[in-house]
Structure formats: structure tokens, C-alpha cells
Amino acid sequence: MIMKLLKPTIKKKFQVYRSVDGVLRSVEINNIAATGYRIINLQCLQKHVSEITCHAILCDKAREKAISGAVPIILESQVAHFGLAVILAAKCTGCGKKFHFETSPKLLNGGTRHYDINVRAVWGSIVSGNGLAHLNEQLASMDSPTMAQNTFSVIEKEINQWWKVMVEEEMSSAIDLEKKIAIEKNRYHEDIPSITVICDGGWSKKVAQALI
Ligand SMILES: [Zn+2]
């Protein structure tokens, strides 16, 4: 199913940013109308609401707008999206001051700079047995921005590395514990501490059919 998610406007510009390796790069930004649905971190929302509220209280022109029944702060557009993380632009209709809001914090631990929501989305896709196509289908149905293949792949590789390290630590610790118990209970096989392992059998249906 293909849905037209966002309405591009004629505004287009480049945003310059410093990448992880320290090099300045630029990315083309399509200024998109702020419609549909977005997942927003509640602490980010609190920060944005506080900023807007403080401005609306202190700005004479914004107060005049509010008193006359007009909207003092409008959500103007979505200036960029990086997967599910979105940068929104709002504007004071009184003085014209612009505000930029991110919908997700960034993960700054472990050398990664990904948006938290993107890491969570990829993690959820992996553990639920789905992939990028399922995730994007779900997001498109929800009228939300989708994730690019490159973003998904980069995060997926990092998560795999995290899991590899954690599983190795867990397995090593479990082996040490089982060895200690085997020695305490004097269980050895050819002079090596041993444990009894009970296995259940299984086979791949397709391979079994091929062998018959
Ligand atoms: Zn203002």
C-alpha cells in the first residue's frame, strides 16, 4: 500500500552538520508541511512547550494575537526527518520568531549519535522478527515518516555488535557457574568438569522433505 504521506512545499535548502568523523557535510532539506502523526519523546515535548509558553507570555505581539482570538504560535513545517526523528519548525505569529524542535533525543553513549527513537524502532523490528519493509508499512499506515534502508542497516549492525558482546559475557559467566557446580558435586567426564544436557530434537521441514 502506498500512501502520500507528506506535502512538499517549494522551500528547499541545505543544512550543514559535522559528522562523527569531524568532517563538515551538508544535507538537502525538503521543507515539508507539518501534517500527519509523529512519535515524540515526552521530555522533548515538555522542553518545547516550556520554550513556546515562555515566549508567548513575554512577547507583546503574541499576547495581542492571543487576546484577539488568533493563534499566537503556529506549527509551520517539518524541516527535516532522520528516520522517525523529526525536526519541526514553529513560528510566533506576532514577532515572527522561529523555533526548531527535535522529537527525539540522541544516544550519546557507546560512541553512537543515532536518534533514540530510530534505535528503538530497529531494535523492535529485529526482536519481533520483522524488517524494514514491515516497519515502513506500519509507519506509512500511521501517516508517519519512514526510515531509509541505510539508516536501518547502520543501526542494525551496531545493535548486532552490542548483542554479540552481551551474549559472550553472559555465556562466559554461565560456563563459569556450571563448572563451579560440577566441581562441587564431583561430576567429571574424562577428568573434565561436566554437566548433563537434555536436548530436544528438531529438523527443518524443507530439508527433511528434500532427503526423503
Ligand atoms: Zn513573539
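Here is a quick briefing on the fold, the strand pairing, one helix packing and a few residues worth a look. Keep in mind that this is a predicted model. It averages a pLDDT of 84, and 78% of the residues score at least 70. The protein has six helices and seven strands, and buried residues make up 15% of its 212 residues.

**Overall layout and confidence**

- Reading from the N terminus, the elements go β-β-α-α-β-β-β-α-α-α-β-β-α.
- Take the contacts between residues at least 6 apart in sequence: 49% of these join residues at least 24 apart.
- The pLDDT drops below 50 over residues 1-11, a stretch that still has 18 contacts in the model beyond near neighbours in sequence.
- Residues 208-212 also have a pLDDT below 50, and this stretch has one contact beyond near neighbours in sequence.

**Strands β3, β4 and β5**

- β3 (residues 73-82) and β4 (residues 85-92) run antiparallel, with eight bridges joining them.
- To find your place in that pairing, look at Leu75, whose bridge partner in β4 is Ala90.
- The hairpin of β3 and β4 leaves two residues between the strands, and Gly83 there has a positive phi near 65°.
- On to the next pairing: β4 and β5 (residues 98-102) are antiparallel too, over five bridges.
- Here a handy marker is Ala89, which has His100 of β5 as its bridge partner.
- The hairpin of β4 and β5 has five residues between the strands, and in this hairpin Gly96 takes a positive phi near 85°.

**Helix α3 against helix α5**

- Helix α3 (residues 116-127) packs on helix α5 (residues 149-184) at an angle of about 75°, and their axes are 9 Å apart.
- That angle makes α3 roughly perpendicular to α5, since 65 to 115 degrees counts as roughly perpendicular.
- On the α3 side, the contact is made by Asn118, Val119, Val122, Trp123 and Ile126.
- Facing them from α5 are Thr151, Phe152, Ile155, Glu156 and Ile159.
- Sorted by class, this contact of α3 with α5 has seven nonpolar, two polar and one charged residues.

**Val122, a residue of that contact**

- Val122 sits in helix α3 and counts as buried because it has 26 C-beta neighbours inside 10 Å, where 20 or more is the cut-off.
- Setting aside neighbours within four places in sequence, Val122 is in contact with Phe152, Ile155, Glu156 and Ile159.
- Those four residues are also among the ones α5 brings to its contact with α3.
- Val122 and Leu135 are 13 residues apart in sequence, and their C-alpha atoms are 8.3 Å apart in space.

**Two aspartates with positive phi**

- Asp143 has a positive phi, near 60°, and is a residue other than glycine.
- You'll find Asp143 in the loop between α4 (132-141) and α5.
- Asp143 is partly exposed, because 14 other C-beta atoms lie within 10 Å, a count between the limits of 12 for exposed and 20 for buried.
- Asp191 is not a glycine either, yet its phi is positive at about 70°.
- Look for Asp191 in the loop between β6 (188-189) and β7 (192-193).
- Asp191 counts as exposed because it has 6 C-beta neighbours inside 10 Å, and 12 or fewer is the cut-off for that label.

Terms used:
Residues numbered from 1 in each chain as written. Predicted model: local features only at pLDDT ≥ 70, side-chain atom pairs only at ≥ 80, totals over all residues. Axes fitted to C-alpha atoms, helices over the stretch in contact; angles between N-to-C directions. Parallel < 35°, antiparallel > 145°, perpendicular 65-115°, else oblique. Contact = placed C-beta atoms within 7 Å. Nonpolar A, V, L, I, M, F, W, Y, C, P; charged D, E, K, R; others polar. pLDDT = per-residue confidence, 0-100. Pairing = 2+ DSSP bridges.
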